[in-house]
Structures are given as C-alpha cells and as structure tokens.
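These are my notebook entries on a single model, set down in the order in which I looked things up. I begin with a ligand and then turn to the strands, a helix and two loop residues.

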Amino acid sequence: MSLTVIDHPLVQHKLALIRDERTGSKDFRELITEVTMLMAFEAMRDLELEETTVKTPVETARVKVLSGKKLALVAILRAGLIMVDGILKLVPAAKVGHIGTYRNPESKLPVRYYAKLPQDIKDRRVFVLDPMLATGGSAVDAIAEVKKLGASQIKLLNIIAAPEGVARVQAAHPDVEIVVAALDSHLNDHAYIVPGLGDAGDRIYGTK
Ligand code: PRP
Ligand code: URA
C-alpha cells in the first residue's frame with residue numbers, strides 16, 4: 001500500500017497557482033499539464049531499461065533505452081483527459097484508454113457511462129489519471145475495470161487527494177501505488193476536497 005506525495009518545489013509552486021480561484025481555465029489547463037509531466041517523471045522512475053549501443057559522431061556509446069512492458073494511460077473522464085497530453089509528450093507510444101464516470105450529486109457514487117480500453121492492456125503498465133481523488137469511488141471503479149482486462153501493474157496519478165479517497169483505494173486495490181502532488185485535509189459535506197481546488201472538470205472546461 002504505497003502513497004507517494006511529490007513535494008518537489010516546482011510541483012508545489014504550480015499547485016499553489018492551480019488552487020487559486022483567480023486562475024482561469026487556460027492557465028489552469030496549462031498548469032495541470034505541467035504538474036502532470038513532473039509527476040510522471042517521478043511515477044515512471046522504476047521503468048525498466050536495457051543496455052544497447054549507439055554510434056555518436058565521435059565513438060560508439062553504451063546507452064540505456066526503455067524496455068519491458070509498454071505503457072497505457074487511462075483517463076477518467078472528464079477531468080482526467082487533461083492529464084493525458086503531457087504524459088504523451090514524454091511517452092508518445094503509450095496507448096490511451098478512457099473511462100467515463102460522473103459522481104451522482106446526491107449519493108456521491110460514481111456513475112459509469114463509457115469505457116474503452118486498449119485491448120492489450122494486460123501486457124502494459126497502466127497509469128490511471130484523474131486530478132481529484134475525493135471519496136475514491138471513481139478511482140476504485142476505474143481500476144476495477146482495468147483489472148477486469150487482466151492488467152496487474154497499475155499506478156494511480158492524482159493532483160490532489162483526500163485521506164478518505166486514499167484509504168478507499170488502498171482498501172480496494174492494495175497493490176496499486178498512488179502518486180499525488182498533495183494530500184489535503186478532508187472532504188466537506190458535499191464530498192469536495194478541502195482545501196482542494198474546487199470542481200476540476202468545471203475549472204478545466206469552463207462549465208460553471
Ligand atoms: C470528479 C473528479 C473525479 C471524481 C472524484 O469528477 O474528476 O473523477 O470527481 O470524486 P470521487 O473520488 O468522490 O469519485 P466528476 O464526477 O465531477 O465528473 P467530471 O470530471 O465529468 O466533471
Ligand atoms: N471532484 C472535484 O472535481 N473536486 C473535488 O473536490 C471532489 C470531486
């Protein structure tokens with residue numbers, strides 16, 4: 001049961017701007033992309049490498065290149081979609097799956113309306129992406145869907161998590177490492193993260 005909080009100064013500085021209610025959608029999207037790339041840098045630290053050689057203009061060099069399982073990114077719609085592009089810039093060969101869920105405003109339970117995952121996802125390392133981990137319902141559901149297709153190496157990347165969500169994911173999926181930029185205080189009565197950043201989907205897409 002592992003939780004990694006990325007407390008790098010660049011991540012924390014950008015997170016401060018993301019949280020600020022005065023930050024508009026354009027900057028919000030750009031900052032989420034940047035933080036996601038920095039988080040991916042850390043979350044992918046354990047990717048396997050193999051040695052090979054390349055010829056530089058000067059001499060032959062021993063080099064290391066990625067090996068082992070290929071990657072899959074799974075975005076939890078809507079908000080998770082914004083985290084895909086930054087990681088694809090780093091690992092353009094990754095395949096991308098989408099799981100659509102929204103939280104029922106009364107019950108706070110996730111309602112699934114879409115799922116399309118790479119067919120070979122069981123042979124890939126999977127990174128499930130969603131800026132917010134609140135009750136954990138959406139993430140638990142998405143990870144279960146990914147596991148149904150046989151995937152076994154899964155990490156969950158969230159920008160901000162609540163302790164309640166972390167506990168829920170750890171209970172349901174103890175094998176999944178959770179990587180976050182911040183672990184916040186608690187959930188409020190509407191199951192929003194405190195202090196959080198508000199509604200991620202609305203702030204990304206300007207829907208409120
Ligand atoms: C938000 C967020 C997560 C979910 C987290 O999505 O992007 O998917 O809530 O909450 P949970 O941990 O309690 O499940 P939302 O339901 O607002 O849908 P949207 O991204 O389409 O706006
Ligand atoms: N979804 C969000 O977008 N924000 C929260 O704080 C909780 C769920």
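Entry 1, ligand 2. I looked first at G198, where a backbone N or O atom lies 2.8 Å from a nitrogen atom of ligand 2. I note at once that the model is predicted, and that every value below is computed from it. Two further backbone contacts involve oxygen atoms of ligand 2: I193 places a backbone N or O atom 2.8 Å from one, and A200 likewise has a backbone N or O atom 2.8 Å from an oxygen atom of the ligand. Of the 240 Å² of accessible area that ligand 2 has on its own, the protein covers 89%. I then listed the surroundings of ligand 2, which are R103, M132, A134, A191, Y192, I193, G198, D199 and A200.

Entry 2, ligand 1. I counted 17 residues around ligand 1, and the closest are R103, D130, T135, G136 and S138. R103 thus appears both here and in the list for ligand 2. Which atoms of T135 and G136 approach oxygen atoms of ligand 1? For T135, an N or O atom of the side chain is 2.5 Å from an oxygen atom of the ligand; for G136, a backbone N or O atom lies 2.8 Å from one. D130 contributes a polar side-chain atom, 2.5 Å from an oxygen atom of ligand 1. The protein covers 91% of the 500 Å² of accessible area that this ligand has on its own.

Entry 3, strands 5 and 6. I followed R103 into its strand pairing and found P110 of strand 6 as its bridge partner. Strand 5 (residues 95-103) and strand 6 (residues 110-116) run antiparallel and are joined by 6 bridges. The two form a hairpin with 6 residues between the strands, in which K108 takes a positive phi near 65°.

Entry 4, strands 2 and 3. I recorded a second antiparallel pair, strand 2 (residues 49-55) and strand 3 (residues 60-66), joined by 7 bridges. This hairpin has 4 residues between its strands. L49 stands opposite L66 in strand 3.

Entry 5, S67. I looked next at S67, in the loop between strand 3 and strand 4 (70-77). Is S67 buried or exposed? Its relative accessible area is 18%, so S67 is buried, the cut-off being under 20%. Leaving aside residues up to four places away in sequence, S67 touches E48, L49 and E50. L49 is also the residue opposite L66.

Entry 6, helix 2. I checked the length of helix 2 (residues 25-43): at 1.5 Å a residue its 19 residues should span 27 Å, and the end C-alpha atoms are 26 Å apart, which agrees. Its buried residues are F28, L31, I32, T33, V35, T36, M39, A40 and A43. An α-helix has 3.6 residues a turn, so residues three or four places apart point the same way. The buried residues of helix 2 pack against several elements, among them helix 1 (9-19), strand 7 (124-129) and helix 6 (200-205).

Entry 7, L81. I closed with L81, in the loop between strand 4 and helix 3. L81 counts as partly exposed, at 35% relative accessibility. Beyond residues up to four places away in sequence, L81 touches A75, I76, H98 and Y205. I also noted I204, which is 123 residues from L81 along the chain, with 9.9 Å separating the two C-alpha atoms.

Notes:
Residues numbered from 1 in each chain as written. Chains lettered and ligands numbered in written order. Predicted model: local features only at pLDDT ≥ 70, side-chain atom pairs only at ≥ 80, totals over all residues. Heavy atoms only, no water. Pairing = 2+ DSSP bridges. Expected span 1.5 Å × (residues − 1). Buried < 20%, exposed > 50% of the residue type's maximum accessible area, 1.4 Å probe, protein only. Contact = heavy atoms within 4.5 Å. Near = heavy atom within 4 Å. Polar contact = N/O pair within 3.5 Å; in protein donor to acceptor, adjacent residues only side chain to side chain. Areas by Shrake-Rupley, 256 points an atom, 1.4 Å probe, with all protein chains shown as cover.
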